[in-house]
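Let's take a walk through a protein model together. Keep the structure open beside you and turn it as you read.

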Amino acid sequence: MTEHDEVVPADTGTDPSKPRVLADGLPVRPAAENELWLLSYYRSSEINGALFFGRVARTVRGPLQVDVTHHFSDEASHASYWTRCIANLGHTAIKQNRSYQDQYLEAAGAPASLMEVMAITQVFEKRVIGQYHRHLRLPGTRPEVRQTIQRIMLDERWHVKYVKDALTAMADRYGRELIEETLARYTAADEEVYAKTLAEYGDRIAFLAQTAARRSE
Ligand SMILES: [Fe+2]
Ligand SMILES: [Fe+2]
């Protein structure tokens, strides 16, 4: 039995012997499997955030040490919240392959200064907040998932704020222009990776739109 076999419920439409298909003939994966995939993706992404910030926390000196170490701890907590949420829904997380961060770092290049770390983080945190916001707005979102996102968002808002403040404070040292250029470079990398992710996993998150449509019927 594969991991997927364990989580796919017997939700195959009116005739359980036939898989549901879209108008264009593509099979519809049962929502529970895709939902579990997405929650596992979130968990994996939070783990990668914690690992990234753990490395930064280990080496950072100066006044940012307190905030960066707190940030590391928050991302580890977020991974724990998702793991608990998935467990409360009766599952274990699906193993993920390459993370968004891996591809993002590959496209953007590894940050070489604390300013670059803050810039890459600002762009990434905005992406995370946008995605969680989008998920939260959907009427079909389960209460456990909604509560987990709301709890995480409290910290994510602080992450964006302290990183923005840190970048503002770095203007004297690095120059406003270089910081803006760096942010633009990372934004372009993020958009490229997001487009690639949607192309690769779009069908995994299509259930979000389907769920919303069903609720509004
Ligand atoms: Fe997080
Ligand atoms: Fe964060």
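## Helices and two metal ions

Let's begin with a pair of helices: α3 and α6 are roughly antiparallel to each other, because their axes cross at roughly 165° and anything over 145 degrees counts as roughly antiparallel. Those axes come within 10 Å, and α3 passes α6 in a left-handed crossing. Keep in mind as you look around that this is a predicted model.

Now zoom out. What does the chain have in the way of helices and strands? There are eight helices and zero strands, so if you follow the elements from the N terminus on, you simply read α-α-α-α-α-α-α-α. The chain has 217 residues, and 44% of them count as buried.

Another pair to look at is α5 and α6. Their axes lie 9 Å apart and the helices pack at an angle of about 150°, which makes α5 roughly antiparallel to α6. Here, too, the crossing is a left-handed one, with α5 passing α6. What kinds of residues make up the contact of α5 with α6? They divide into 16 nonpolar, six polar and six charged.

Next, find the metals. Take the iron ion (ligand 1) to start with. Which protein donors does it have? They are Glu-46, Glu-75 and Glu-156, each through OE, and His-78 through ND1, lying 2.0 to 2.3 Å from the ion. Along the chain, these donors follow the spacing E-x28-E-x2-H-x77-E. Two of them show how the site links distant parts of the chain: Glu-46 belongs to helix α2 (residues 31–59) and Glu-75 to helix α3 (residues 64–88), and they are 29 residues apart.

Why is the arrangement around the iron ion (ligand 1) called irregular? The four donor atoms subtend angles of 82 to 136°. To count as tetrahedral, four donors would need all their angles between 85 and 135 degrees, so the arrangement here is irregular.

What about the burial of those two glutamates? Glu-46 has a relative accessible area of 4%, and Glu-75 has a relative accessibility of 4%. Buried means under 20%, so Glu-46 is buried and Glu-75 counts as buried as well.

Now move over to the iron ion (ligand 2). Its coordinating atoms are OE atoms of Glu-75, Glu-125 (listed twice) and Glu-156, plus ND1 of His-159, at 1.9 to 2.4 Å. The spacing of these donors along the chain is E-x49-E-x30-E-x2-H. Once more, distant parts of the chain are linked: Glu-125 is in helix α5 (residues 114–137), while Glu-156 is in helix α6 (residues 143–169), 31 residues apart. Both Glu-125 and Glu-156 are buried.

How far apart are the iron ion (ligand 1) and the iron ion (ligand 2)? The distance is 3.5 Å, and Glu-75 coordinates both ions. In other words, Glu-75 is a bridge between them.

One last stop is Tyr-42, which you can find in helix α2. Is Tyr-42 buried or exposed? With a relative accessibility of 4%, Tyr-42 counts as buried. Try locating Tyr-132 too: Tyr-42 and Tyr-132 are 90 residues apart in sequence, yet their C-alpha atoms are 9.3 Å apart in space.

Definitions and conventions: Residues are numbered from 1 along each chain as its sequence is written. Chains are lettered from A and ligands numbered from 1 in the order in which they are written. This is a predicted model: local features need pLDDT of at least 70, side-chain atom pairs count only at pLDDT 80 or more; totals for chains, interfaces and linings use all residues. Side-chain values use heavy atoms; hydrogens and water are left out. Donors are N, O and S atoms within 2.8 Å of the metal (3.2 Å for Na, K and Ca); water is not among the atoms, so sites may look incomplete. Four donors count as tetrahedral if all angles lie between 85 and 135 degrees; four count as square planar and six as octahedral if opposite donors are over 155 degrees apart and all others between 65 and 115; anything else is irregular. Helices (H or I, at least four residues) and strands (E, at least two) are DSSP runs, numbered from the N terminus. Buried means under 20% relative accessible area, exposed over 50%, partly exposed in between (1.4 Å probe, protein chains only). Axes are lines fitted to C-alpha atoms, for helices over the stretch in contact, and angles run from 0 to 180 degrees between N-to-C directions. Angles under 35 degrees count as roughly parallel, over 145 as roughly antiparallel, 65 to 115 as roughly perpendicular and the rest as oblique. A crossing is left-handed if the near helix is turned anticlockwise from the far one by less than a right angle, and right-handed if clockwise. Ala, Val, Leu, Ile, Met, Phe, Trp, Tyr, Cys and Pro count as nonpolar, Asp, Glu, Lys and Arg as charged, and the others, Gly among them, as polar.
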